[in-house]
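Notebook open, coffee poured. I want to look up a few things in this model and jot down what comes back.

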Amino acid sequence: MTPREIRTDDDQVECAVCGRSLLRGEEPEPYLHDGRRRDVCELCTGRAEREGWIREAEGQQIGARAARDRRGLISRFRSWQRSRPQHEAEPAAEPNGSLAEELRASPYAADELFAAPRHSERHIHAVPTSDELKMARALELFNASEHPRTVAGVARSLGPPGVAVLPVENSSLVTVTVAWELCWYRYEVDLADERGGVRVADQGYELEELTDSEQVANAAADDRGVLQTAA
């Protein structure tokens, strides 16, 4: 018979949320908060998650889901490109120099932002002509989506992120990369199809996985996860 391990008083573990010393035989759940590993008792796991703490055991599962989601997004985008009727494209509007007028001219419904694209309801928008306007419009769409809540939740545990907003050359796509030391998210915004929403294109856990450009911040997030370009 294998002898049962006995925890001595010197080995007592305290819950990082309520401060209670765990009873003998009571196993803590490890979480990440402020860049450190924290032990949480079973009674406080719900509170830890509401505060944005990350359950350590979920890391590999999140990574696997991200890989599957990425393959699904790429497949869906390629399928949409192949089936896209050529006559849907509309000539780009002449730039009028006013971002505010351009935004007012292209309203969108928040409840349609996350819906799956339907070919009969696609709406082609005039893509801004300059990188500055593309970045500003991409951030407008990001901040109107559900994703700032994710940014704010992770930031409560890992601190403020670095944000890189990068228009893709010769394309209507803009990438928004939000990165911490322990994880990162890459979002894509297609300014020619705003009703397609803001998509999570990829995510990971090593900054070395990012391009050099994505590691240079040109925007920042506030405590609500709202993004804005750096002054």
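Ring pairs first, so I fix the rule: rings of Phe, Tyr and Trp (its six-membered ring) pair if their centres lie within 6.5 Å, and planes under 30 degrees apart count as stacked, over 60 as edge-to-face and the rest as tilted.

Housekeeping: this is a predicted model, where local features need pLDDT of at least 70, side-chain atom pairs count only at pLDDT 80 or more, and totals for chains, interfaces and linings use all residues. Residues are numbered from 1 along each chain as its sequence is written, and side-chain values use heavy atoms, with hydrogens and water left out.

**Entry 1: rings**

I searched the whole structure for aromatic pairs and got three. W180 with Y185 comes out edge-to-face, with 6.4 Å centre to centre and 85° between the planes. The pair of Y185 and Y187 is stacked, because the planes sit at 20° with the ring centres 6.2 Å apart. Which residues do the ring pairs link into a cluster? They are F142, W180, Y185 and Y187.

I also checked burial (buried is under 20% relative accessible area, exposed over 50%, partly exposed in between; 1.4 Å probe, protein chains only). W180 and Y185 are both buried, and Y187 is buried too.

**Entry 2: strand 6**

My elements are DSSP runs numbered from the N terminus: helices are H or I of at least four residues, strands are E of at least two. I count two strands as paired if DSSP finds at least two bridges between them.

Strand 5 (residues 173–179) pairs with strand 6 in the antiparallel sense over seven bridges. The two form a hairpin with four residues between them. I noted one bridge there: L173 has D190 in strand 6 as its partner. Strand 6 also pairs with strand 7 (residues 198–204), again antiparallel, over six bridges. Y187 stands opposite V200 in strand 7.

Why do I call strand 6 largely enclosed by the rest of the structure? Because six of its seven residues are buried.

**Entry 3: R186**

R186 lies in strand 6, which covers residues 184–190. Is R186 buried or exposed? It counts as buried, because its relative accessibility is 14%.

Next I looked for polar contacts (N or O atom pairs within 3.5 Å; within protein, one must be able to donate a hydrogen and the other to accept it, and residues adjacent in sequence count only if both atoms are side-chain atoms). The R186 side chain makes one with the side chain of E214, at 2.6 Å.

For plain contacts I use heavy atoms within 4.5 Å. Leaving out residues up to four places away in sequence, R186 touches V176, T177, R199, V200, A201, D202, E209, L210 and E214.

**Entry 4: helix 5**

I ran a length check on helix 5 (residues 147–158), taking the expected span as 1.5 Å times one less than the number of residues. Its 12 residues should span 16 Å and the end C-alpha atoms are 16 Å apart, so the two agree. Buried residues in helix 5 include H147, P148, V151 and A152. Just after the helix, G159 takes a positive phi of about 90°.

**Entry 5: whole chain**

I find five helices and nine strands. Of the 231 residues, 36% count as buried. Among contacts with a separation of 6 or more, 56% come from residues 24 or more positions apart.
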